[in-house]
Amino acid sequence: MSADDPCQLAAGLLASAERVVILTGAGISTESGIPDFRSPGGLWDRYDPSQLTYDRFCASADTRKTYWDIATQSYPVMRDAEPNAAHQAVVEIERAAKLLCLVTQNVDGLHQRAGSSDERTIEIHGSAMRAKCIDCGMEHDRATIHDRILGGDATPACDGCAGRLKPATISFGQAMPEKETAAAFSAAAQCDLMIVIGSSLVVYPAAGVPEMAVRSGAPLVIVNREPTQLDPQATVLVHGAAGESMSRIVTESGIHR
Ligand code: NAD
Ligand code: ZN
């Protein structure tokens, strides 16, 4: 193994860090069988995202029907997926008491299912494992709503107020959750190591989290198959698969001895 092996360099940074912030994107879940936005054959090849903005969802019953139709295709894939070695590596960093905070752009719930704690996990784009009424805010169990849709209720209504239910994810044009976003940026400003796993870093404000960490003086590790716009600012770039790379980084750091 060479001294400039990127996984080994990242492992060295992890070994000495005490306040790690991790940002994950769709790329950490592709090895679990959940396609990212860029994969050919993905949902966005078949639907035009500009037709599915939050404003359109609110305004049009047709859009709500299409939206729920797509969500009803993607939900079982996420529900039935298993966390992979990269999700597990994130859990090990938390168990080693090194994790300040995990910020995920994913809505698949796989981090928590792998064992990441609710206390330290920020779902900055919400979760597809819940549905929420956009009129009264009441949360609903997604499995129950899914069954209602399969039973023929194409645009399910809120049990509380009969208002419009939506998967509890943040759509294009929808306001970010304020408390969660502020907490993510505050953690990034305090961390002593920032690790990005499987994100193209094109979606803001999430992509601003590692930018904040770098501005605050933390080293940045990026684990991604493809280049990202933040690569020039990275201390260590790991171009590879998330599962294998993160397993090596955690093992070689010696944190779970
Ligand atoms: P993205 O699709 O824009 O980028 C994913 C990145 O991960 C790409 O650069 C790709 O090269 C890389 N990648 C894919 N598989 C990889 C692997 N096995 N190992 C290493 N790198 C890999 O994803 P994003 O940055 O998260 O932004 C897209 C938005 O879509 C986010 O808001 C996210 O919430 C949402 N989304 C979520 C899911 C999910 O919950 N699993 C799935 C699709 C999209
Ligand atoms: Zn309601």
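1. Cys136 has a relative accessible area of 43% and is therefore partly exposed, since that class runs between 20% and 50%. The model is a predicted one, and the points below should be read as such.

2. Cys161 falls into the partly exposed class too, with 38% relative accessibility. Cys136 and Cys161 are both donors of the zinc ion (ligand 2) through SG, alongside the SG atoms of Cys133 and Cys158, at 2.3 to 2.4 Å from the ion.

3. The 4 donor atoms make angles of 103 to 116° at this zinc ion, and the site is tetrahedral. For comparison, the ideal angle for four tetrahedral donors is 109.5 degrees.

4. The donor spacing in sequence is C-x2-C-x21-C-x2-C. Cys136 sits in the loop between β4 and β5, and Cys161 in the loop between α7 and β6, so this pair ties together parts 25 residues apart in sequence.

5. The strands next to these loops belong to an open, antiparallel sheet of 3 strands, ordered β5-β4-β6. β5 (139-141) and β6 (165-169) are the edge strands; each has a single partner, so one side of each has no neighbour in the sheet. Neighbouring strands are turned by 45° against each other on average, direction ignored.

6. Between β4 (residues 126-133) and β5 the antiparallel pairing covers 3 bridges. Arg130 stands opposite Asp141 of β5.

7. Two helices lie across strands of the sheet. Helix α4 (residues 61-80) lies across β4 and β6, at about 45° to β6. Helix α7 (residues 142-150) lies across β4, β5 and β6, and runs at about 70° to β5.

Methods:
Residues are numbered from 1 along each chain as its sequence is written. Chains are lettered from A and ligands numbered from 1 in the order in which they are written. This is a predicted model: local features need pLDDT of at least 70, side-chain atom pairs count only at pLDDT 80 or more; totals for chains, interfaces and linings use all residues. Side-chain values use heavy atoms; hydrogens and water are left out. Two strands pair if DSSP finds at least two bridges between them. Helices (H or I, at least four residues) and strands (E, at least two) are DSSP runs, numbered from the N terminus. Axes are lines fitted to C-alpha atoms, for helices over the stretch in contact, and angles run from 0 to 180 degrees between N-to-C directions. Contact means heavy atoms within 4.5 Å. Donors are N, O and S atoms within 2.8 Å of the metal (3.2 Å for Na, K and Ca); water is not among the atoms, so sites may look incomplete. Four donors count as tetrahedral if all angles lie between 85 and 135 degrees; four count as square planar and six as octahedral if opposite donors are over 155 degrees apart and all others between 65 and 115; anything else is irregular. Buried means under 20% relative accessible area, exposed over 50%, partly exposed in between (1.4 Å probe, protein chains only).
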